[in-house]
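Reader: Please take a close look at the side-chain packing here. Start with the sulfur atoms, then move on to the rings and the cavities.

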Amino acid sequence: DKILTGHIGLGGMGTGHLNFFRKYVGALCDVDTSHLNRAARIIGRYVPRYRDFRDLLDQKNLDGVLIATPDHWHALQTLEALRNGKDVYCEKPITHFFAEGQAVYREAAKQKAIFQTGSQQRSDRRFRHAVELVLNGVVGKVKEVQVGLPKGHDSDKGDSTEHDYSKRADFQLWTGPAPLLPYVAARHHWHWRWHLAYGGGQLMDWIGHHNDICHWALGEDRGGPTRVEAKNFTQSKAKSYNAPPHYEVYCEYAGGIKTSLGSHNRMGVKVIGEDGWVYVTRGRMEASNPAWTKLDFSAGKVKAYASPGHTRNFVDGVKSRKAAICPAETAHRSVTPGHLGYVSNALGRALKWDAKKEQIIGDKEASALINKLDHRKPWSI
């Protein structure tokens, strides 16, 4: 009748989840004591508090775990949670490395776990309506999809002074499987994502939102592109970051559909068909035929998964065992073009991709890069 959740990572997103999960919380975890104390105040009652996520996952009475740590921690914490019999809600992108994503979705299937990815746009009525317009052929045969993501950063967002925190237990645990770099205020907490040791820049930070909608509309939740090419990646001028401020990733899908992802496109998703187009972003929808944007417009018989709300959908799944709206494999495949884009940029050439086998075709050097796992010892998946 009542589920209990453990919460790992209590920064911005982790704290935000507590507004919905307050009555379900059974344990809290963060290496930052100030985050732990703030979360405890929000809950307003005693729950066990931990610094090490492994101690939280040992708690047998927890049904589900919410993971809102930096990207470089997602896979290891998710896999440990799954192996401990927990259902998992993990923020996007679900993993930092491509091969981690494969390990996560396969382990989730093995454990028959309920898995929800924090791609909350899937639970938004407007995005679902736009997807149904495409799936029902209202815009005609799809020719092109423009996926707009934010620009990155060319300047430090805070103090860029380097500090040697290597002997601090909290910084060692925060770093975990990532390279042990100096502590820099400008790239910790929210801004870790602009350094490739911890995140994937704006490309990987947002691809799990807007390209997720692109894949949903194209029916590619278990598919992917046939060709990927990176263009016009730029180098950050910031001292503390190395993710590209500008980036473009061009993909081709079955049937000749072409997509482009990057900061050169208008933020959101624009699907262009032979009979018209539809554009959707948070809070707004436009179309070549304005009547299509009315949420009471009947797109047709094909209905996309309707979620009552992203966190609610996860809780309902934990209770009913019905799959959540954005399970692990779906999320992994939504961000795969980003992983491939980084490899394409590193090698300076386009890649051919076998989405069914999840393999690069005819390029051993690229294959080695896409499957590389670079974890600091003793951490591994």
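Author: A disulfide is a pair of cysteine sulfur atoms within 2.5 Å. The model is predicted: local features need pLDDT of at least 70, side-chain atom pairs need 80 or more, and totals for chains, interfaces and linings take in all residues. Residues are numbered from 1 along each chain as its sequence is written, and side-chain values use heavy atoms, without hydrogens or water.

Sulfur comes first. The whole structure holds zero disulfides. Take cysteine 90. Its closest cysteine sulfur belongs to cysteine 326, 11 Å away, which is too far for a bond. For cysteine 29, the closest cysteine sulfur is that of cysteine 90. The gap there is 14 Å, again too far for a bond. Cysteine 90 is buried (under 20% relative accessible area, 1.4 Å probe, protein chains only). Its value is 0%. Cysteine 29 is buried too, at 3%.

Now the rings. A search of the whole structure gives 15 aromatic pairs (ring centres of Phe, Tyr or the six-membered ring of Trp within 6.5 Å). Phenylalanine 20 and phenylalanine 21 make one of them. Their centres are 4.9 Å apart and their planes stand at 80 degrees, so the pair is edge-to-face (over 60 degrees). Phenylalanine 21 is buried, with 0% relative accessibility. Phenylalanine 20 is partly exposed (20% to 50%), with 29%.

Tyrosine 165 and phenylalanine 171 also pair edge-to-face. The centres lie 6.0 Å apart, with 85 degrees between the planes. Phenylalanine 171 is buried at 5%, while tyrosine 165 is partly exposed at 23%. Both belong to a cluster. Ring pairs join them there to Trp174, Tyr183 and Tyr198.

Tyrosine 165 has a further partner. The charged end of arginine 168 sits over its ring (CZ within 6 Å of the centre and within 35 degrees of the ring normal). The distance to the ring centre is 4.4 Å. Tryptophan 190 has an arginine over its face as well. That residue is arginine 193, at 3.6 Å from the ring centre.

Next, the cavities. Three of 30 Å³ or more are present (sets of 1 Å grid points where a 1.4 Å probe fits but cannot get out). The largest holds about 50 Å³ of space, counted as the space filled by probe spheres set on the points. Its lining (residues with an atom within 4 Å of a point) includes Ala130, Val131 and Val134. Ile213 and Ala217 are there too. So are Val269, Val271, Val278 and Val280. Four elements each give two or more residues: α6 (125-135), α8 (201-218), β13 (268-273) and β14 (276-281). Helices (at least four residues) and strands (at least two) are DSSP runs, numbered from the N terminus. The largest share, three residues, comes from α6. The lining has nine nonpolar residues, no polar ones and no charged ones. Nonpolar takes in Ala, Val, Leu, Ile, Met, Phe, Trp, Tyr, Cys and Pro; Asp, Glu, Lys and Arg are charged, and the others polar.

The backbone adds some points. Lysine 92 and proline 93 are joined by a cis peptide bond, with omega near -15 degrees. Proline 93 sits in the loop between β5 (87-90) and α5 (98-111). Another cis bond runs from lysine 377 to proline 378, with omega about 5 degrees. Proline 378 is in the segment after α11 (364-370). Asparagine 232 has a positive phi, near 60 degrees. Its loop lies between β10 (227-231) and β11 (248-253).

Methods
Phe/Tyr/Trp six-rings, centres within 6.5 Å; stacked < 30°, edge-to-face > 60°. 1 Å grid on protein atoms, 1.4 Å probe; cavity = no way out; pocket = protein on both sides within 12 Å on 5 of 7 lines; lining within 4 Å.
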